[in-house]
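User: Could you take a close look at one part of this model for me, the packing on the inside? I'd like one connected walk through the contacts rather than a list.

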Amino acid sequence: MALLENRMDQSILMKRVKDREEDIRGAYYRDTTAIIHSSPFRRLKHKTQVFYAPSNDHICTRMEHVLHVASIASTICRPLGLDTELAWAMGVGHDLGHTPFGHTGERIISKLCQDRGLPPFEHEINSLRVVDFLSNNGNGLNLTYAVRDGIVCHNGESISRRIVPTFKERDLSSLSSRSGLIPATYEGVVVRFSDSIAYLGRDFEDASRLGIVKGEDLPEVVKERLGTTNSQIITSLVNDLIKGADEETGIGFSEPVFEAVKAFSDFNYQNIYRSKILNGYNRYFSRLLKLIVDYLEELYSSFGLDERGYMEERNMLSAGFFCHIKEMYPVYMEKEGSDRRMILDYVAGMTDNFCLDCANEILKPEHLNDEIEQSQTGKWFDVKSF
């Protein structure tokens with residue numbers, strides 16, 4: 001273990017898109033408060049992590065996951081002399097751009113984007129887009145450079161053995177793909193590893209709870225080197241990262257532990273992420289999300305910015321979407337010169353539950369039913385003679 005220090009000027013790391021006078025919270029703790037008070041953060045409590053299980057309070061949600069990442073990252077940073085407040089802010093903000101229905105939803109929305117001539121959807125890039133643009137009525141959260149860099153570079157699905165930060169400033173607003181991105185700071189590297197640590201054991205724990213896998217199914221190398229419970233696995237991985245950190249080779253796993261991590265990741269992919277139960281949701285969620293996008297596109301192409309057409313639909317989705325475009329259309333045109341991504345951005349920000357409610361409203365003409373029931377003989381068609 002060694003004490004680490006970022007080889008970057010603090011003025012660069014703490015720089016904001018818009019200058020503002022800092023207060024008693026400090027730059028990075030202020031970023032945390034901005035994130036946890038934002039609407040995208042609130043919605044994480046109703047977004048799937050891996051398993052869509054709205055009736056099971058013990059299955060991990062996206063909000064739980066980001067808190068796990070923040071907690072693990074700050075734990076690793078403390079003995080290494082790194083900034084725990086910076087790590088915490090990155091952790092709670094790293095998945096703000098995630099879609100409903102987890103990675104299944106991400107793949108579906110990515111296909112919808114590409115079908116419309118837009119770039120593939122990547123939640124890392126979208127998380128930066130959320131904090132820079134989509135939050136706060138198009139004004140963004142005005143976070144520090146270091147936190148924004150950690151958010152966009154968090155890609156925990158790509159597990160490396162060791163990572164050395166770049167210690168270089170780049171134009172984050174120009175990024176269009178997560179491919180090849182390496183964090184600029186040690187804290188960003190820690191958050192990236194913490195993302196993997198947070199989901200490996202917890203996803204296995206949830207899958208065991210749901211009866212998809214059993215504890216004895218774990219590969220022997222995982223049991224021997226990491227443990228068999230989520231707590232043991234986190235402890236093993238955190239201690240290994242701390243012990244092996246140094247300035248020359250950066251942060252990462254020892255060879256024996258990395259071998260177990262790869263075996264664990266392969267096991268989860270084969271037995272959990274590609275399981276029959278998760279694959280069974282793909283067609284259902286594809287139909288659901290496509291239904292919502294098609295409906296909103298039809299409304300927008302028919303009525304544009306005319307409120308009357310949306311209100312005549314007499315449902316929550318159309319009314320809410322009109323309020324959204326009334327607020328955001330000028331901002332899209334000012335900042336991006338186009339409204340092409342407005343509908344898909346809106347749908348990507350939805351929670352699981354809201355998507356289901358929207359589909360219900362599209363398919364069930366409740367307002368027409370209400371009109372019938374409010375008529376004199378609405379419930380008893382045979383009362384009145386003709």
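Analyst: Let's start with I76: setting aside residues up to four places away in sequence, I76 touches V190, S194, I197, V238, L241 and I242. Keep in mind that this is a predicted model.

One of those partners, I197, is worth following. I197 sits in helix α9 and, at 0% relative accessibility, counts as buried. Leaving out neighbours within four places in sequence, I197 is in contact with I72, I76, I234, L237, V238, L241 and F253. So V238 and L241 turn up for I197 as well as for I76, and the cut-off for such a contact is heavy atoms within 4.5 Å. If you want a reference distance here, the C-alpha atoms of I197 and K262 are separated by 12 Å, with their positions 65 residues apart along the chain.

Zooming out, I76 is among the residues that touch the most other members of the largest nonpolar core, along with L226, I251 and F253; that core has 76 residues. Helices supplying at least two residues each include α4 (62-77), α9 (186-209), α11 (230-244) and α12 (255-273), and α2, α5, α7 and α8 also make that list. The largest share, eleven residues, comes from α9. As background, nonpolar side chains tend to be buried together in soluble globular proteins.

There's also a second, separate core of 36 residues, and F285, M342, V347 and A359 are among its members. Two of the helices to look at next are α13 (residues 276-303) and α17 (residues 352-363), whose axes come within 10 Å and cross at roughly 60°. The crossing of α13 past α17 is left-handed. On the α13 side, the residues involved are Y284, L288, L289, L291, I292 and Y295, and they meet C355, L356, C358, A359, I362 and L363 in α17. Sorted by class, that contact has twelve nonpolar residues, with no polar and no charged ones.

Since cysteines appear in that contact, a quick word on sulfur: the structure holds zero disulfides. For C323, the nearest cysteine sulfur is that of C358, 13 Å away. C358 is in no disulfide either, and its nearest cysteine sulfur, that of C355, is 6.4 Å away. A disulfide needs the two sulfur atoms within 2.5 Å, so neither distance qualifies. The surroundings of the two cysteines also read differently: C323 is partly exposed, with a relative accessible area of 49%, whereas C358 is buried at 0%.

Note on methods
Residues are numbered from 1 along each chain as its sequence is written. This is a predicted model: local features need pLDDT of at least 70, side-chain atom pairs count only at pLDDT 80 or more; totals for chains, interfaces and linings use all residues. Side-chain values use heavy atoms; hydrogens and water are left out. Buried means under 20% relative accessible area, exposed over 50%, partly exposed in between (1.4 Å probe, protein chains only). A nonpolar core is a set of buried Ala, Val, Leu, Ile, Met, Phe, Trp, Tyr and Cys residues joined through side-chain atoms within 4.5 Å. Helices (H or I, at least four residues) and strands (E, at least two) are DSSP runs, numbered from the N terminus. Axes are lines fitted to C-alpha atoms, for helices over the stretch in contact, and angles run from 0 to 180 degrees between N-to-C directions. A crossing is left-handed if the near helix is turned anticlockwise from the far one by less than a right angle, and right-handed if clockwise. Ala, Val, Leu, Ile, Met, Phe, Trp, Tyr, Cys and Pro count as nonpolar, Asp, Glu, Lys and Arg as charged, and the others, Gly among them, as polar.
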